[in-house]
Each structure stands twice: as C-alpha cells, then as structure tokens.
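Trainee: Got a minute to look at a model with me? I'd like to start with strand pairing.
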Amino acid sequence: MNPIYFDNAATTQIRPEVVDRMMEVMREVPGNPSSTHAFGRTAKSQIETARKRIAKLFNVTAGEIVFTSGGTEADNLVINSAVRDLDVRRIITSRIEHHAVLHAAEEVSTCHDIDLQFVNLKECGTPDEEHLEELLKSSDVKTLVCLMHVNNEIGNMIDIKEIAILCKSYGALVHSDMVQSIGHYELDFQEIPVDFAAAAAHKFHGPKGIGFAFVRKNSGLKPLIFGGSQERGLRAGTEAVHNIVGLEESLLMSYKNLEEESAYVKELKTYFAKKLLEEIPGVKLNGNCSDSKKSTYTLLNVCLPITPEKAVLLLFQLDMKGIACSKGSACQSGSAQGSHVLREVLNDEDFKKPSLRFSFSIYNKKEEIDYVVDVLKQYIESENILA
C-alpha cells in the first residue's frame, strides 16, 4: 500500500494544472506589478484578472477581494483593523474558533480594552443562537461577531446566513473564517450578509502562502501592513503573481468540478464512518460528524476506544504504516495541551481518549479507507503496543 494522506484539512495536494499555470507565469511574467512599463502592466493584468474572476464566484466586486498570505493574515487583518478603525469595542466569538481568530481576539482585548465574550455551545459544539442573541441584546456598543463557517477540527457547519442576518439585525459586524468552506461550498455574499471572510488556497488544491480576505465595500477597514499602495491600499508589499494566479486557477477548478468532486468525497467520508462503526466497537464520531446537514463532507473526527497509555504511540504507529492524519488541527499539532476544540465538546472521559481527524480529497480511494480501518482495528486489539 502506497503512503496514505488523510490530512486534507491541514493542506491539500496541489492540482497539476495549477502547478502548470504557476510555472507558466513564473517563466513568462517577470515584471513587478507596480511597475508602469509593459512588464509590470502584464503582471498587474494577471492579478486583476484573477481578482475579477474570484469576485465573480462570490457575487461581489473585485475591489472587495484583498489578497493575503493566507487565512491567518486575513483573520488578523479583519480583527485588528476592526478594533482600530471601526470603533469596535466588543468581540463575540466561540471557544472552538481557529487560533488565528482566538489569539487575535485575545490580543486586541488585552491591548485595547475590548470586551471579549464567548457564545455558549450546544452539546455537539454548535454555537447556541439563543445565547448569541442574548449577548447581542445585552449591549449597544459596536460589536464584531467572529464565527467560523466550518470548524477545522470537528467539521461542524453553522448556518452562516441565518447567524449573519441575526447579527446584522442588532447592528453587529460579522466576520467568518471560511478557510474550510471556500472552494468546497457555493457562497453568495449578496445573500450571506457577512462583512468579512477569510480564505486560503492550500485548502482547495492551490498553493500555500496565498489567500484572501473578503472585505465588504465601504467597510472603512485600513491596512495592517504599510509601505506601499498595493491591494487598493489595504496590504502593502509586492504581490506574489504566481501564487495569486495559482489561487485563481485552483478556485475556478474547484467550483467547475464541485458537484462531481464533492459527491465523490462525501461518499468517502460516509464509507469511512460506516466502516469504523462496523469494525471497531466503542468508536464515536465527534461533533456533528454523523449529520450530513450539519457537518462538512470533507472531514471526520473520531474518538477511539483506547486507554491514554495505549494512545501514546498511536500516531507514531499510523505514521510507520504510511498513514497521515491529525490529532487535533495541524496548526497546533506540536502542542502538549490537547485540542482546545475537543476540550470544549467532549466529556472528561472521552477527552482522555485519543481522537483523530481524517480529512479527505479527490485523490483518496476507498481501498485506502479499508487499509486504515484494518490498521486501527489491529492496533486497538493488540496486546503489545510496541508490536
């Protein structure tokens, strides 16, 4: 069995067509986009064409797409600038957000005396909309609500349109980390009234180091990075033309093939969950992973019936068998504290057991799932964990 990659929520394999397009740009478009000569104008044209095509996918104007280095920078741009420039005095978020949101919110709350509030979570980790409305009602200060569309660890999906409408009815600004949903779901920002959103190309078979922030027109946001007038003045620095074109190509291909590819990946997730539940007694699906309407089709987070002692070498054993997956998110895999998301949604007994995130893409196969389930089953049933 060849090495098996089930960690697509961390990053995805770049499409060959995207590599080809990026190589073409690197070979044939050497100019600085800020230069006024023909070389520069050609590079600038590549960027603006990409911006227009991306904007069209979400039914927004080109000026509302701001290229960044990825989702983390986009989250930080929105949160920090909203406090500094838009007179935001309160941030409402959840305790299971990506750390790019949580840590940025904690930092501004400390440095700028911002009231940081957390919405309660329902049993499976979904934000409690009734409590959110109570929080919105409790104060009339300028508020920014930050709730991610798809959770990167447990796959929970929120009804972002309904939540955004609720927040706007109380005059709040809305930012959504959509890193796990952009490229995987059709999104119309004329129907979904968020003010800001974050995306990263490497989550939908594009290059690393490039993403974008959706910034609603006339928001009043100002830059975090200074030194040039690039990105309509919202992000200084010479643009990575090849990365932007790679982002464009991968996103266009994702939406062109969305119906076929999402159906294929969804079938993989369903098959994996069924096999696990049939073959491994005591396994549990975390979050809303068993509910297709409330969970993304791209990932599965499972709690395994293993003692903490036996869990120590689990990831090592899987890696030795050529299997890549995640214990928590890749962004915090080096942490000894355990997943902050699972800590919020699991009871104490289940939190002590190992939970693994398996995430899927078009490059995975059912045969790989059979192999992984067999390896897990053998490890769980083995008497000698070093065998």
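Mentor: Sure. Start with Leu285, which stands opposite Val302 in strand 10. Strands here are DSSP runs of E, at least two residues, numbered from the N terminus.

Trainee: How many bridges join strand 9 to strand 10?
Mentor: There are 2, and strand 9 (residues 284–285) runs antiparallel to strand 10. Two strands pair if DSSP finds at least two bridges between them.

Trainee: And how many join strand 10 to strand 12?
Mentor: 5 bridges, again antiparallel; strand 12 covers residues 355–359. Cys303 stands opposite Ser355 there.

Trainee: Is strand 10 enclosed or open?
Mentor: Largely enclosed by the rest of the structure, because 5 of the 5 residues in 299–303 are buried. Buried means under 20% relative accessible area, exposed over 50%, partly exposed in between (1.4 Å probe, protein chains only). Leu299, Asn301 and Cys303 cover one side, Leu300 and Val302 the other.

Trainee: New topic. How many disulfides are there?
Mentor: 0. A disulfide needs two cysteine sulfur atoms within 2.5 Å.

Trainee: Is Cys124 buried or partly exposed? What about Cys325?
Mentor: Cys124 is partly exposed at 33% relative accessible area. Cys325 counts as buried at 13%.

Trainee: What is the mean pLDDT of the chain?
Mentor: It is 94, with 96% of residues at 70 or more. Residues 329–335 fall below 50, and that stretch has 11 contacts beyond near neighbours in sequence. pLDDT is the predictor's confidence in each residue, from 0 to 100. Contact means heavy atoms within 4.5 Å.

Trainee: Any ground rules?
Mentor: This is a predicted model: local features need pLDDT of at least 70, side-chain atom pairs count only at 80 or more, and totals for chains, interfaces and linings use all residues. Residues are numbered from 1 along each chain as its sequence is written, and side-chain values use heavy atoms, leaving out hydrogens and water.

Note on methods
Helix = DSSP H or I, 4+ residues; strand = E, 2+ residues; numbered from the N terminus.
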